[in-house]
Amino acid sequence: MKRMIFDEDHDAFRDSCAAFLAKHVTPNLETYLEDKALPRDFWLAAGAEGYLGLEIPEEFGGSEAGDFRFNAVWAEELSKLNAALASCAAIHSDIAVPYIVDLGTQEQKQRWLPGCATGEIVTAIGMTEPGGGSDLAALKTTAVRDGDEWVINGSKTFITNGFSADLVLTAVRTSPEKGAKGITLFGLEATDAGFSRGRKLDKVGQGEADTAELFFEDVRVGDDRIIGEVDRGFVYMMERLPQERLSCSVSNIAHAKQILVETIQYAHDRQAFKQSIGSLQHNKFLLAELVTKIEVAEAYVDQAVLAHTQGEATATDAAKAKWWSSEIQNDVLDHCVQLHGGYGFMNEYRVARAWRDARVSKIWAGSNEIMKELIGRDLGF
């Protein structure tokens with residue numbers, strides 16, 4: 001079924017993204033995997049082409065597209081190559097940068113946004129803590145007032161872009177007695193005294209993404225690093241998590257869809273019992289199911305993206321999209337591995353890597369169990 005949410009401008013942008021990735025990224029994918037990180041050259045090249053500034057106003061070097069469908073196109077093209085590229089780019093452009101655009105002071109915008117647009121400043125967002133998981137309200141990193149400064153102590157884990165980030169938007173507890181209403185966001189720079197990184201975490205999948213632990217030991221910053229208002233951080237995060245979840249949803253479906261296309265071709269080419277394996281009735285029926293599942297899920301995500309672009313998507317819409325897309329992604333990729341037989345378990349095959357890369361999509365950006373909790377609350381339970 002033809003997708004109806006994109007117009008000629010989006011199609012032209014997609015062609016531009018695909019050409020950029022074919023030239024600058026595809027030849028280097030194995031190096032990214034070996035280094036467990038995207039090099040600064042990737043960020044600078046993407047910045048030079050304007051892909052990092054879709055959310056940034058023109059006065060600060062961005063394109064301020066004002067249309068999340070462009071973000072979705074960029075995410076889809078990245079996801080066709082692998083899931084790690086899309087997650088790293090989305091953390092920077094779709095998730096961290098909008099906090100500065102929406103909540104930052106003029107001085108903060110001038111200080112950070114131009115570099116965010118060019119790739120000279122790579123961002124991450126520090127929410128998750130050891131032992132905290134999806135319970136953002138239970139975070140333990142603290143900021144204590146000391147004269148004109150705040151003293152920050154604590155740690156974060158599972159931070160995408162954490163090892164290479166120059167700027168980390170960090171959630172800390174400023175008023176412990178207020179619970180969730182006592183959390184504040186700070187912009188912490190990698191050069192701040194007391195800021196350190198742990199190792200690059202050894203993950204099951206998405207090896208190209210540098211995921212790290214972050215540590216804060218008596219990091220001293222002034223009020224000029226507060227993003228928004230003191231004690232409003234939890235509200236800000238809840239307001240912006242839907243965009244993160246929609247970004248994940250777009251990537252989930254595009255990632256699985258590309259591998260399914262490649263699996264269908266494999267099913268045409270691979271011979272067994274004197275015929276292509278796709279001609280065997282079980283496999284033919286299975287592929288029919290998988291194609292339908294992808295297209296139906298894609299249609300819902302498309303509508304959610306369109307609603308978000310128009311300012312009408314709800315947090316529940318985003319939760320549904322994130323939960324369902326990740327379930328479909330993992331289901332489809334598991335079957336794609338099976339259809340490849342023994343080759344599907346070999347690391348040199350894209351299907352094997354994609355299968356591993358996808359598993360985390362049911363965990364991050366709020367686990368699928370949390371998504372169902374949010375949906376259930378919306379039903380009045």
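The protein has 11 helices and 10 strands, and what we are looking at is a predicted model. Let me start with the whole thing and then walk through a few places.

Overall size first. Along its principal axes, the C-alpha trace spans about 80 × 50 × 40 Å. The radius of gyration is 21 Å, and because a compact globule with 381 residues would come out near 21 Å, the two agree. Buried residues make up 53% of the 381 residues. The accessible surface comes to about 17200 Å², and carbon and sulfur atoms hold 53% of that surface. How much of the contact network joins residues 24 or more positions apart? Taking contacts with a separation of 6 or more, such pairs account for 75%.

Now to the strands. Please find strand 1, residues 123-126. Thr-123 and Ile-125 point one way, Ala-124 and Gly-126 point the other way, and all of them are buried. As a general point, side chains in a regular strand alternate between the two faces of the sheet. Which strand pairs with strand 1 in the parallel sense? That is strand 4, residues 167-173, with 4 bridges between the two. If you want a place to put your finger, Ile-125 has Leu-169 in strand 4 as its bridge partner.

Next, strand 7, residues 211-221. Strand 7 pairs with strand 3, residues 149-160, in the antiparallel sense over 8 bridges. On that side, Ser-155 is matched with Phe-215 of strand 7. Strand 7 also pairs with strand 6, residues 195-200, again antiparallel, over 4 bridges. There, Phe-195 has Phe-216 as its bridge partner in strand 7.

While we are in strand 7, have a look at Asp-218, which lies in this strand. Its phi is near 55°, a positive value in a residue other than glycine. For background, most residues other than glycine have a negative phi. Asp-218 has a relative accessible area of 45%, so it counts as partly exposed.

There is another aspartate with a positive phi: Asp-231, at about 70°, although it is not a glycine. Where does Asp-231 sit? You will find it in the loop between strand 8 (226-227) and helix 7 (233-269). Is Asp-231 buried or exposed? With a relative accessible area of 14%, Asp-231 is buried.

Let me turn to the helices, beginning with helix 6, residues 106-118, which holds Cys-116. The relative accessible area of Cys-116 is 0%, so this residue is buried. What does Cys-116 touch, once neighbours within four places in sequence are left aside? Its contacts are Leu-52, Ile-56, His-92, Val-97, Ile-121 and Thr-123. That last name takes us back to strand 1, where Thr-123 is one of the buried residues. Cys-116 and Leu-44 are 72 residues apart in sequence, and their C-alpha atoms are 9.7 Å apart in space.

Now helix 4, residues 68-81. Helix 4 has 14 residues and reaches 21 Å from its first C-alpha to its last, close to the 20 Å expected at 1.5 Å a residue. Most of it is covered, with 13 of its 14 residues buried.

The residue I would like you to zoom in on here is Asp-67, in the loop between helix 3 (40-48) and helix 4. At 10% relative accessibility, Asp-67 counts as buried, because the cut-off for that is under 20%. What does Asp-67 do at the start of helix 4? A side-chain oxygen of Asp-67 reaches to within 2.9 Å of the backbone nitrogen of Arg-69. The side chain of Asp-67 also makes a polar contact of 3.0 Å with the side chain of His-10. Not counting residues up to four places away in sequence, Asp-67 touches His-10 and Thr-309.

Thr-309 gives us a way over to helix 8, which covers residues 281-309. Helix 8 has 29 residues and reaches 42 Å from first C-alpha to last, close to the 42 Å expected at 1.5 Å a residue. Just after helix 8 comes Gly-311, with a positive phi of about 75°.

To wrap up, keep Asp-67 in mind as you browse: it lies in the loop before helix 4 and touches His-10 and Thr-309. Thank you, and do ask me anything!

Notes. Residues are numbered from 1 along each chain as its sequence is written. Side-chain values use heavy atoms; hydrogens and water are left out. Buried means under 20% relative accessible area, exposed over 50%, partly exposed in between (1.4 Å probe, protein chains only). A polar contact is a pair of N or O atoms within 3.5 Å; within protein, one must be able to donate a hydrogen and the other to accept it, and residues adjacent in sequence count only if both atoms are side-chain atoms. Contact means heavy atoms within 4.5 Å. The expected span of a helix is 1.5 Å times one less than its number of residues. Two strands pair if DSSP finds at least two bridges between them. The radius of gyration is taken over C-alpha atoms; the globule rule is 2.2 Å times the number of residues to the power 0.38. Accessible areas come from the Shrake-Rupley method with a 1.4 Å probe; for residues, only the protein chains shown count as cover.
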